[in-house]
Amino acid sequence: MRVGQALLVLWAAFTAAYILLQAMPGDSILIKFQNPELGLSPQQIAEIRAYYDAGGYLHTVLGFLRGDFGYSVDTGTPVLERLAEGLPETAKLATAAFVLAVLLAVLIAFAASHSSRLRGVLLAVPSLFISVPAFWLGILLIQVFSFRLGLVPVIGGSEIQQLILPVLTLAVPISAPIAQVLARSLDQVFTQPFVPVVAAKGASRSWILWRHVARNALPPTLTVAGLTFGELIAGSVVTETVFGRNGVGRLTEQAVNAQDTPVLLAVVVLAATVFVLVNLLVDLVFPVLDPRLAR
Amino acid sequence: MSLLDVRDLRVSYGGHEAVKGVSLSVGEGEFVAVVGESGSGKTTTANAIIGLHPGDSGEILLNGTDIARWSQRRLRVIRGAQIGLVPQDPSNSLNPVKKVGAQIAETLLIHRHGDKTSRRRRVLELLERVGLDDPARRAGQYPHELSGGMRQRVLIAAAIALRPSLIIADEPTSALDVTVQRRILDLIDDLRQEYGTAVLLVTHDLGIAAARSDRLVVMREGLVEESGGTREVLAAPAAAYTRRLLADAPALSARAFKEPPPQAGPAIVVRDLVKEFGGFRAVDGVSFEVARGSTHALVGESGSGKTTTARIVTRFEKADSGSVEIPGVTEFRRGVQLVYQNPYGSLDPRHSVARIVEEPLRNFRLGDRAARRTRVKELLDRVALPEALLERKPRELSGGQRQRVAIARALAVEPQVVVLDEAVSALDVTVQAQILDLLEQLQRDLGLTYLFISHDLAVVRQISHTVSVMNKGRIVESGTTQQIFDSPQDDYTRELLAAVPEPVR
Amino acid sequence: MRWLSWLVVALVVLWAVVPWLFTGYDPLNGVPAEKLQGPSAAHWFGTDAVGRDVFARVVHGSVHSLSGAFVAVGVGLVLGTLLGLLAGSAGGPADEIIMRLMDVLLSVPGLLLALTVIILLGPGTVNVAIAVGVGSVAAFARLARAEVVRVRRSDYVEAAFGSGGTFVAVLWRHVLPNSLGPVVALAALQFGVAILAISTLGFLGYGAEPPTPEWGLLISEGRNYLATSWWLTTLPGAVVVAVVLAAGRISKEIR
């Protein structure tokens, strides 16, 4: 049921991308490819022409499934090639940022649930995080850590050093919704009738928090964590541009500048696919966490 | 010396004093019932005793030691070990994502009692003791796999795991069907006799309190109105409030049965109703007739199909087969009205009382603005609500007032049939008695026909002329109220009647 | 604390309407002799590379961000709420189709969706606003539908039908008023989100053309002087944070 729904969404996304590709006048694309500045050989142009002449809905969508997204209008190279160049960089960045975001969120939410004195301050942190423009945060971090304190070199430095600031820039806005939902779920679970019953058995607050409340607060948190995957990809556009990293995000920015529709659509389809698959996974994990949902 | 001695306890909630100097005591092995309506402070008192909501002042002596000012850390040693809690709502009182065996073992684990194998053995013993079949399988199940009654048994098992000297039971059966209710109360009584555990029962139901307890404590608005031996209090109540409670509690006021209905034509004719929900037969061949100007009750436990039947009669649900006729009604939505269980949910929170009562008049374009205004005032007067409430919103009214507004709205278009779906079940007994009186008076004055849906036999006995008993989608027995109550023919009817607490026989 | 967020929003609205009341400097033509000065009593936010007062540029730029955000929220609110209402009150296949379409929209991150719209419509302030608005349609539609479905299930709606109300009357009297509250709160929140998104697109260079003092563009231009002139990026960014934060607070209050 849920799998079918996910497939339906993907199919619709593919179709939408196809319609948008068709919306571009085909010949004008070919004219672009024939621009001598691209330096394509006649053989390559013939290949591209064959691809676009083959056309047709089934051909294109099946192509998407195989990873064949056509040719970049900007460089004349296959879109897949350009994607493959950027993907490892972005994957590294996004993974690290996601892990950091979750750590930050858990830290904030649990600290707020534990300490009644710092609670107000801690719960204000996510709203601040969510209000900060990522590009500005990146610039601010460069300013403080690279120029003022000189802790992270602007150019060069080890790979880890180069990752620190971008990861932080990407992680901060993403940690906010996770922290908010986790904190709210913790509060909400604490008001449930079974909590005083456990307390009446003689359990301490931390016993209740770790053994009962945390587990019950997990599903909504996981849902929102899944939803942030889309933001990871979108956020990498800004982060990679600010830090001058060559990944899928930077590729996207360049594609929009160059009116390179096939590349942008490939990124969109990729993002939608990742998003749908991650959220499908979240839904499939749910019954494990909450036995009420198991059949 | 008593086991528990509470002296002049005061507790407040967010600036409001909910308990204003309560004293009560529980002896070893004694069964004490604290009775009161909502807002009387009875649950707050219970929570203060185990320190879940600490009191402001007063003493709580447990075996002579004052624990009122103990820190949470010290109180934890007592909770579960010396005082056990059986909570109100079994459906939400267990952690939904933990196996029930683990939740019983938790009491032992917190107090570092035994090792893993001995704890497991004890859990199985307890499950068996509280009357669950196949303990090994039950221990591995999650709460949602058990029925309400079974969950309450699990909660009891967790509460008695360390054989506490006192069990505080806070409305332990009010969310359960009557037949299950009785079995749970029997279990608590058995355990008390076996272990010598004292019980402090908190309840709104004077019938249950009277049937089970050695001593009664009657509370109202944070104060103790009266306390003493149960027999003595019932025989000669000293406080006026206790007398009123006794008079209003339908279970205890053995009023005369209503006369059989006057011989009038039928106002509702229901024939062979069948309704399935995804393969499950909620209503299975239901037929009955209601005479004009009389009250017919549909009685049954949850899942019996009584509410579905009511919704089919009011056309909020379509039957798969069968028919409902309302002779003499041409415009259905004018002739038949429904009053809901929860008056708060059935009134639009953004509308004023005046707008709510006026709405049906606007729908049927009855009269101009001024005429409608007059009619609304007249209707409020009918249901004994002051005009001052006209511009109030539902949240500014009490539960009883809300239900009166709902009744006024139902009467606005002069219906012939009013279907009342558990219409008094959510109300306190004194308010309940007032609404029941109002309904009887309206019936006399306006010649209304009522279809009265209820799980509460005592209320049904008081208001209805005829009764149909429903079980698993079928009507198992029908007749006049007197026939059903005095000479029930069906086993299920007999079981239902036996479950009604009736101490004053 | 409550009034603070309203104050921030009110101030920025005034900046947009009557900027000359707040600054005497010209946002477009600078005094080259005063270039790259740090914040001072004369120039609160300092000056930029061609000697323009940064505070004046921020004040005069607010109109671009605010009007853009209004258009964006308007597009999202109107389209989204209508679709949500339709899905929630019609039910059946219409509901199914609309909500699956919203799922598709939701599966594409907002920024990428906005970029897709921009590549189709071309860059520019209005197109950027529309692009951002399209990105919030799904959120409004989902919320509006959920609210309508919740309210429709309530006893008082059934009671309204029971007392003879027609579909339209019940929708108008009960369902709409009771489901719009959270939608309005979301609109306030989305206002902040839209300002954020518009400044991001401005930063990436798809919005206004230089020398327009649009906030995102302003920060982007300051990047070249990161090492020496921190105020060019830090102070305008802080203004954006304050406005977005205030919108979020107000949204919470309404809810």
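This passage goes through the three chains of a predicted model, then one helix and three single residues. Since the model is predicted, local features need pLDDT of at least 70 and side-chain atom pairs count only at pLDDT 80 or more, while totals for chains, interfaces and linings use all residues. Residues are numbered from 1 along each chain as its sequence is written, chains are lettered from A and ligands numbered from 1 in the order in which they are written, and side-chain values use heavy atoms, with hydrogens and water left out.

Chain A comes first. Its secondary structure amounts to twelve helices and zero strands, where helices (H or I, at least four residues) and strands (E, at least two) are DSSP runs numbered from the N terminus. Along the sequence this reads α-α-α-α-α-α-α-α-α-α-α-α. Of the 295 residues in chain A, 52% are buried; buried means under 20% relative accessible area, exposed over 50%, and partly exposed in between (1.4 Å probe, protein chains only). Contact stands for heavy atoms within 4.5 Å, and among chain A contacts between residues at least 6 apart in sequence, 71% link residues at least 24 apart. Chain A has an accessible surface of about 13600 Å², with 67% of it belonging to carbon and sulfur atoms. Areas of this kind come from the Shrake-Rupley method with a 1.4 Å probe, and for residues only the protein chains shown count as cover.

Chain B mixes both element types, with 19 helices and 19 strands. Its radius of gyration is 25 Å, close to the 23 Å that the globule rule gives for 505 residues, so chain B is as compact as a globular protein of that length. For reference, the radius is taken over C-alpha atoms, and the rule is 2.2 Å times the number of residues to the power 0.38. Along the principal axes, the C-alpha atoms of chain B fill a box of roughly 75 × 50 × 45 Å. Buried residues account for 57% of the 505 in this chain, and 68% of its contacts between residues at least 6 apart in sequence join residues at least 24 apart. About 20900 Å² of chain B is exposed surface, and carbon and sulfur atoms supply 45% of that. As for charge, chain B carries 66 positive and 64 negative charges, whose mean positions are 5 Å apart. Here Lys and Arg count as positive and Asp and Glu as negative, with His and the chain ends not counted; each charge is placed at NZ of Lys, CZ of Arg, CG of Asp or CD of Glu.

Chain C is built from nine helices and zero strands. Its C-alpha trace spans about 75 × 40 × 25 Å along the principal axes. In chain C, 55% of the 255 residues are buried, and about 10500 Å² is exposed, 70% of it from carbon and sulfur atoms. There are 15 positive and 14 negative side chains in chain C, and the centres of the two sets lie 7 Å apart.

Helix H15 of chain B (residues 399-411) makes a handy geometry check. At 1.5 Å a residue its 13 residues should span 18 Å, and the end C-alpha atoms are 19 Å apart, which agrees; the expected span is 1.5 Å times one less than the number of residues. H15(B) is mostly covered, with eleven of its 13 residues buried. Among them are Gly400(B), Arg402(B), Gln403(B) and Arg404(B). The cover over these buried residues includes strand S15 (336-339) and helices H13 (353-363), H14 (369-382) and H16 (429-446) of chain B, together with helix H6 (155-162) of chain C.

Three single residues round things off. Ser127(A) sits in helix H6 (residues 119-131) of chain A and, at 11% relative accessibility, counts as buried. Leaving aside neighbours within four places in sequence, Ser127(A) is in contact with Gln180(A), Leu245(C) and Lys252(C).

Ile78(B) belongs to helix H2 (residues 72-78) of chain B and is buried, with a relative accessible area of 6%. Neighbours within four places aside, Ile78(B) contacts Leu62(B), Ile67(B), Trp70(B) and Ile83(B).

Tyr25(C) lies in the loop between helix H1 (2-17) and helix H2 (54-90) of chain C, and its 35% relative accessibility makes Tyr25(C) partly exposed. Tyr25(C) and Ala56(C) are 31 residues apart in sequence and 5.9 Å apart in space, C-alpha to C-alpha.
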